[in-house]
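Please look through the sequence and the model below before reading on. The report that follows walks through one sheet, the helix beside it and the cysteines.

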Amino acid sequence: MLDIDRRTFIAGAAASGLLASFPRLARGASGKTADLSPVYDKITEQRRQSIERIQRWIQQPSISAQNVGITECCDLTMDLLRDAGFGTVKKMKTDGHPGIFATLDAGAKQTMGFYFMYDVQPVEEKEWSSPPFAAKLVDKAGVGKVIVGRGAVNQKGPQGAFLAALHAVRAAGSKLPVNLVVVAEGEEELGSPHFSQVVWNDEVMRALEKCQGVMMPAADQSLSGTVNVVLGAKGIVYVELEASGKAWGRGPRDGEIHSSMKVVVDSPAWRLVQALGTLVSADGNEPMIDGLTDAVRPVSSQQKKLLDDLAARWDEADWKRVFGVDRWVNDLDERAMLERYVSRPSVNIDGLYAGYIGEGSKTILPHRAFAKMDIRLVPDMTAKDVLAKLRKHLDRRGYKDIVIKNIGSYDPTDTALEARPIQTELAVYKAAGLDPVIWPRLAGSWPGYLFTGKPLELPAGHVGLGHGSGAHAKDEYFVIEPAAGKKYFGLDGATRSFVDFLFAL
């Protein structure tokens, strides 16, 4: 459920002219240097195949919420992993959509884990300027040549660049310096309700225990070319609340009735609205669920320093422009907004619906009303505890009839700045002439808690250059070739960043 927060600002590519800044030699853990020139040359030679691979992936719909194309995309993802050199590729059965477990034994002393997702968000095709599953190459004004399609940056484009790196290493006759473990799921956009069944499989756990950490391929550059490194992510509780006349014992029991009856009949829709109103302050900005913030960990001195550095470099106007907002809650200044953004929980309504919502009028009194909600969690909150507190909060106020359906929930993640994968990532970016911006936490969510939490307790994060945007929205894109003068990398640069990361490990 890595949303537009992450995709817009934790994404990227790099200008073609900057590719020369990549070091041609990489020093491995042994201290020996490896000439990466042949690998880089293969990246350029194989660009067409790399583009087509990403297009093929996008062209296979995989909408987990609607169970569209999931089986086919799972099989395709497994084929792509095999083609990239993974010797073991297994489909992992879960109580929902299947996961994938893959290993590539390079005979190396070190092993690195990577997290993939193959599902995507639903689409409203009429809103797109290019068909969402056509994966067309489009010249995007002011951005460059891009692939437009659902999943382009979330997550098939960056994952495709990672696989392109493996193809280039093999084509150059080089040997990967680390063994690889990939765990993938087809339910990330549902909140990863069954991914634990993949990770906690005995065989998978044995493989992950050998890993230095688990990273998610990303496109970590903004439109300005800044590269972002994040040390954690918020967790999420995603639920659907339902109010009904049947459960309440008041209002229409079995179906909608004429709206003229409202004068003498209770409304489940109004009951839901009133229940929702108890969850937040009057302005909707402060969580009011009983005890929700009790476990929130104070911002550390290191995090405050990172936020000070971040505020000095952060482009507030760019954020407001991209998100289409004029002011932050409580009219916060830049520094206060950033601290709140990374350190505080939130309670949000994603969708609210009841009765007739089509064109024109239909005068009815609905018998059911629904709200889809997400609650974002920060350390040391847990999804289990928050779900229990939500239930108790409603019960104490007389809303025992409100049904809570847990759609997908998981805990926040935390990785130390000193962790080896993070330090390696920072070194790679600096060697490429970039000055990374370090975020204590991103406000979006991903199921990295399965890696950072017990029993594995591994470092986890995101890695990769390149740029893309529009995740969860229309006209999602991933940059192939940057427009002139842009400071983010395209597909070649994104692919090289994965090569450099693997060799630098």
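Which residue in β8 is the bridge partner of Ile 100? The model shown here is a predicted one, and in it the bridge partner of Ile 100 in β8 is Ala 184. This pair belongs to the contact between strand β4, residues 99–104, and strand β8, residues 179–185, which run antiparallel and are joined by five bridges.

**The sheet**

The two strands are part of an open sheet of six strands, whose order is β3-β4-β8-β5-β9-β20 and whose pairing is mixed. At the edges stand β3 (88–92) and β20 (460–463), and because each has a single partner strand, one side of each is left without a neighbour in the sheet. From one strand to the next, the twist averages 25°.

Strand β5, residues 111–117, has partners in both β8 and β9, and the table sets out these two pairings beside that of β4 with β8.

| Strands | Sense | Bridges | A pair of residues |
|---|---|---|---|
| β4 and β8 | antiparallel | five | Ile 100 and Ala 184 |
| β5 and β8 | parallel | seven | Phe 116 and Ala 184 |
| β5 and β9 | parallel | three | Gly 113 and Val 214 |

Ala 184 of β8 thus appears in two of these rows, as it is the bridge partner of Ile 100 and also stands opposite Phe 116.

**What surrounds β5**

Seven of the seven residues of β5 are buried, so the strand is largely enclosed by the rest of the structure. Both of its faces are covered, with Thr 111, Gly 113, Tyr 115 and Met 117 buried on one side, and Met 112, Phe 114 and Phe 116 buried on the other.

Helix α5, residues 152–171, lies across β4, β5, β8 and β9, and runs at about 145° to β5. The helix, too, is largely enclosed by the rest of the structure, because 18 of its 20 residues are buried. Just after α5 comes Gly 173, which takes a positive phi of about 75°.

**The cysteines**

Why does Cys 74 form no bond with the closest cysteine sulfur? That closest sulfur belongs to Cys 73 and lies 8.0 Å away, which is too far for a bond, since a disulfide requires two cysteine sulfur atoms within 2.5 Å. For Cys 211 the closest cysteine sulfur is that of Cys 74, at 20 Å, and this is also too far for a bond. Cys 74 counts as buried, at 0% relative accessibility, and Cys 211 is buried with a relative accessible area of 7%. A search of the whole structure finds zero disulfides.

Terms used. Residues numbered from 1 in each chain as written. Predicted model: local features only at pLDDT ≥ 70, side-chain atom pairs only at ≥ 80, totals over all residues. Heavy atoms only, no water. Pairing = 2+ DSSP bridges. Helix = DSSP H or I, 4+ residues; strand = E, 2+ residues; numbered from the N terminus. Axes fitted to C-alpha atoms, helices over the stretch in contact; angles between N-to-C directions. Contact = heavy atoms within 4.5 Å. Buried < 20%, exposed > 50% of the residue type's maximum accessible area, 1.4 Å probe, protein only.
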